[in-house]
Amino acid sequence: MNTNKYVLALDQGTTSSRAIIYDRNSNIISVVQEEFTQIFPHEGWVEHDPIEIWATQMATAQKAMLQANLTYQNIAAIGITNQRETTVVWDKETGEPVYNAIVWQCRRTANYADALKPHEAMIREKTGLVADPYFSATKLAWILDNVEGARERAENGELLFGTIESWIIWKMTGGKAHVSDYSNACRTMLFNINTLEWDDELLALLDIPRCMLPTPVESSAHYGETIVELFGGPIPITGAAGDQQAALFGECCFNEGEVKSTYGTGNFLLLNTGDKPVYSNNGLLTTIAWGLNGKVKYALEGSVFICGAAIQWLRDELNFIDSAAESNELAAQVDSTDGVYVVPAFTGLGAPYWQPNARGAIFGVTRGTGRAHIARAVLESLAYQNEDLLAAMEADTGRKIDVLKVDGGAALNDLLMQMQADISDLAISRASSIESTSLGAAYLAGLCVGYYESLDDIINNKSIDRIFRPSITDDEREQMLAGWKRAVKATIAYCAE
Ligand code: ADP
C-alpha cells in the first residue's frame, strides 16, 4: 500500500472543474478535468448550476485519487481555488440552491451598480473595489429581489450565501462549515478589507441580511473535514483562495514588491503590497492576497482583457497559424514589426485607460507588411499592455519592479517572454510548472497541516525553468514604447467620434 502523502488541489474554474494531486516537490501526480454547462438565459447574463459545479468537482477529485491509486489516507489536506465573485444562495437545511450561480461575467446588475456610483468613494475605501456588477454584492441583491420568497427566507435565517469556495466547503463538510476565505470575501464588495469584517454600511446599502453571510477565515486554516461518503474517510480541508490570489501564492510572491502575471485568455497582474492596502490612482483594484498565520497580505490587481485571446484571433479569424504555439515561429520570421502596431482593444481598453468603447486597430501598415509582421505586432501588444499595468503599479507604489514571475498558457511563448523582458526592462522568471493557481491552493492547504514546513520550504522545492533578461538599449525601448502610446492614443481618438 502506498503510504506517501500528497495534497489535493481543487481548481473550480469558470468553464471546468479540475482536481490536481501534488507531491512535496510540486510535481503533479494526477490531474482530472471536467467541463460543465455555461447557461446564458439572456444577452449578457451568465449562470452556472451550483449542483453541477459540485458534482463535477467531486467527480474529478475522486477520479484523480483513483487514477493515482490513492485513498483518503494518502491525502494530507485539500486546498481549493476558484472562480471569484460568482454568487450562490442555498437553503441552510436542504442544501438546495434557490437560483443558479450568477457568474462573475454576468452584467445583469448593471443598473444596481449605477445606483451605487454616488457611494463609490466609500466603497473604494472599504473594499478596494469599484462599483461594478462584476462583484458579488449586486448579484446577491438581485437574487434576493427576484427569486420569489428569497428575501423573506433570508431574513428568517433560512438561506446562506457564499462564493464558490464557500459553497464547496459547505458541501464537503456536510453543512458544518460556512466560511469564506479573505481573498474571496474581499471580492464580494461587502467586506471591509481594513477591519476584515462584513461591513454594516455596505450591507444596509444593498439590503443584505447579515445572517446569510459566511464566517470570514484565513486562507490557510482548518475549515473542517470531508464527510466520509465522499472519499471513504475524512480529509482535512485547510486551504482556500480566489484563483488570482492563489496564483500569486503559487508563484511564491510571498513578499512585498513581488509580482506575477498570468498570461491566459486575458492577463491578470497582481503585486504583493505587503501588510497595508495600497489604493491606486491608475484604476487598479486593491485586494486581499491572503490571510496566513494571523496576518493579511494585500495586493494591487490589474487585468488586460485580451491576451491569449489575440493569439486565438490570429489562429481562428485570420488563419495565420494552426496552433497558438506557432505564433512564436511566425513572429520570429522577422526581426521587427517594421513599425506595425496592433492595439487588440477588441472589447475595449481596461486599466489604465478605461475606454470601454475602444475597438482594435492596426497601425503602420505598408506594402511590405506581411503576416509575420502582424503576428509579431500582436505578440508585442500583449507585452505592451502588461507594461502599461506594471508602470501603473510602479507609479502607485513608488517602487521599481525588478522581476516578473509568469504563468498561464501564453507564458510558454519564449519570444513573448523575451519581448516582455525587453519592453518592461525587467527579468522574467518562468517556473517549471506554470500551474501556479492550483499550486497556490496546494501550498496554502499543505502549510496548515505541516506538509510544507514553511514558506522557505516551499521556495526551496520550486524550480525555475528559465529567466529572460532585457536585451535592448534604453533608446530602443523608449522608441518602441513611444510608438505604442501613439497607437493607443489614436485608437482612443478614433473611438471617441
Ligand atoms: P485560460 O485559463 O484563460 O483558459 P490558459 O492559461 O489555459 O488560459 O492559456 C490559454 C491561452 O494561451 C489561449 O488564449 C492561447 O491562445 C494562449 N496560448 C497558449 N499557448 C500559447 C503560445 N505558445 N503562445 C502564445 N499564446 C499561447
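A polar contact here is a pair of N or O atoms within 3.5 Å; within protein, one must be able to donate a hydrogen and the other to accept it, and residues adjacent in sequence count only if both atoms are side-chain atoms. The structure is a predicted model, in which local features need pLDDT of at least 70 and side-chain atom pairs count only at pLDDT 80 or more, while totals for chains, interfaces and linings use all residues. Residues are numbered from 1 along each chain as its sequence is written, and side-chain values use heavy atoms, with hydrogens and water left out.

**Exercise 1. Describe the surroundings of the ligand, beginning with its polar contacts.**

Step 1. A backbone N or O atom of Gly-409 lies 2.8 Å from an oxygen atom of the ligand, and a polar side-chain atom of Gln-312 lies 2.7 Å from a ligand oxygen atom. For Ala-410, a backbone N or O atom is found 3.5 Å from an oxygen atom of the ligand. Of the 580 Å² of accessible area that the ligand has on its own, the protein covers 65% (Shrake-Rupley method, 1.4 Å probe).

Step 2. The ligand is surrounded by 13 residues, the closest being Thr-265, Gly-308, Gln-312, Gly-409 and Asn-413; a residue is near a molecule if one of its heavy atoms lies within 4 Å of it. Helix 11 (residues 308-316) contributes the most to this shell, with four residues, where helices (H or I, at least four residues) and strands (E, at least two) are DSSP runs numbered from the N terminus.

Step 3. Sorted by class, the shell holds five nonpolar, eight polar and no charged residues. In this scheme Ala, Val, Leu, Ile, Met, Phe, Trp, Tyr, Cys and Pro count as nonpolar, Asp, Glu, Lys and Arg as charged, and the others, Gly among them, as polar.

**Exercise 2. Work out the seven-stranded sheet and locate the helix that lies across part of it.**

Step 1. The seven strands form an open sheet in the order 17-18-16-15-21-22-23, with mixed pairing; two strands pair if DSSP finds at least two bridges between them. Strand 17 (285-292) and strand 23 (464-468) are the edge strands, each pairing on one side only, and the twist averages 25 degrees from one strand to the next.

Step 2. Strand 22 (residues 427-431) runs antiparallel to strand 23 and is joined to it by four bridges, and Ala-431 stands opposite Ile-464 in strand 23.

Step 3. Helix 10 (residues 243-250) lies across strand 15 (259-263), strand 16 (267-274), strand 17 and strand 18 (295-304), at about 60 degrees to strand 17. Such angles run from 0 to 180 degrees between N-to-C directions, the axes being lines fitted to C-alpha atoms, for helices over the stretch in contact.

Step 4. Phe-268 belongs to strand 16, and its contacts beyond four places in sequence include Arg-84, Tyr-134 and Gln-244 (contact means heavy atoms within 4.5 Å).

**Exercise 3. Trace the six-stranded sheet and its helix.**

Step 1. Six strands form an open sheet of mixed pairing in the order 3-2-1-5-14-13, with strand 3 (28-35) and strand 13 (220-225) at the edges.

Step 2. Five bridges join strand 5 to strand 14 (residues 236-242), which run parallel, and Gly-79 has Gly-239 in strand 14 as its bridge partner. Helix 1 (residues 50-67) packs on the sheet, touching strand 1 (6-12), strand 2 (16-22), strand 3 and strand 5.
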